[in-house]
Amino acid sequence: MQLQHILLLFGQRYNPSIHAGVARHAAKMRWHLSMLIHPGDRKLKGLSGLQGVILADRFEELVVESVVASGLPVVCLSPDPERYAGARVCADNRAIGEMAA
């Protein structure tokens, strides 16, 4: 069985905790995980050979559109989920606030 090659994409705010968490999950799933820090000022190229992309930061529409246009499965971990209508993982801030209160 061939390993799934997944790209973990960060913008200007690299987060080692997110990277470590995704890497742990990738190891369990037997993924080949690549990480890229992309400045977000141009389209993302070179997506052939991948089986999926994880967006771990906020990105300009130019980047999001190029990833979505690739046809690859995409999961967004951005704290700004309204900008991306696909699959996403984010905190429920209202529930967190209610629990804290």
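## Salt bridges and a parallel sheet

D57 has a relative accessibility of 4%, so D57 counts as buried. This is a predicted model, so everything below is read off computed coordinates. What does D57 pair with in a salt bridge? The partner is R13, and the closest N and O atoms of the two side chains are 2.9 Å apart. This pair ties together distant parts of the chain, since 44 residues separate its two members. R13 sits in the loop between β1 (4-10) and α1 (16-29), while D57 sits in the loop between β3 (52-55) and α2 (61-69). R13 isn't hidden like its partner: R13 comes out at 47% relative accessibility, which means partly exposed, as the exposed class starts over 50%.

How many salt bridges does the structure hold? There are two. The other joins E98 and R94, with an N to O distance of 3.2 Å. Here the two residues are four apart in helix α3 (residues 93-100), which means about one helical turn lies between them. In general, an α-helix has 3.6 residues a turn, so residues three or four places apart point the same way. E98 is exposed at 52% relative accessible area, and R94 is exposed too, at 65%.

Here are the pairs side by side:

| Salt bridge | N to O distance | Relative accessibility |
|---|---|---|
| R13 and D57 | 2.9 Å | R13 47%, D57 4% |
| E98 and R94 | 3.2 Å | E98 52%, R94 65% |

Now for the sheet. Five strands make an open sheet in the order β2-β1-β3-β4-β5, and the pairing is parallel. β2 and β5 (87-88) are the edge strands with a single partner each, so one side of each has no neighbour in the sheet. Moving in from the β2 edge, β2 and β1 pair in parallel over seven bridges. Then β1 joins β3 through four bridges, again parallel. Three more parallel bridges connect β3 to strand β4 (residues 74-76).

You can follow a path across these strands residue by residue. S34 in β2 stands opposite L7, L7 has V53 in β3 as its bridge partner, and V53 stands opposite V74 in β4. From β3 the chain passes through α2 to reach β4, and this β-α-β crossover is right-handed.

Is β3 covered on one face or on both? Both faces are covered: G52 and I54 are buried on one side, V53 and L55 on the other. As a rule, side chains in a regular strand alternate between the two faces of the sheet.

The crossover helix has two sides of its own. V63, V64, S66 and V67 are buried in α2. Those residues span an arc of only 165° around the axis, which means they lie on the same side of α2. E65 and A69, on the other side of α2, are exposed.

Two surface details are worth a look. Y14, M35 and I37 make a nonpolar surface patch of about 270 Å². One of these, I37, belongs to strand β2 (residues 31-37). Then there is R30, in the loop between α1 and β2. R30 has a phi near 60°, a positive value in a residue other than glycine. With 58% relative accessibility, R30 counts as exposed.

Methods. Residues numbered from 1 in each chain as written. Predicted model: local features only at pLDDT ≥ 70, side-chain atom pairs only at ≥ 80, totals over all residues. Heavy atoms only, no water. Patch = residues over 30% accessible without salt bridge, like charges linked within 9 Å, V, L, I, M, F, W, Y side chains within 5 Å. Areas by Shrake-Rupley, 256 points an atom, 1.4 Å probe, with all protein chains shown as cover. Buried < 20%, exposed > 50% of the residue type's maximum accessible area, 1.4 Å probe, protein only. Pairing = 2+ DSSP bridges. Right-handed = clockwise from strand over helix to strand, strands pointing away. Arc of directions from axis to C-beta.
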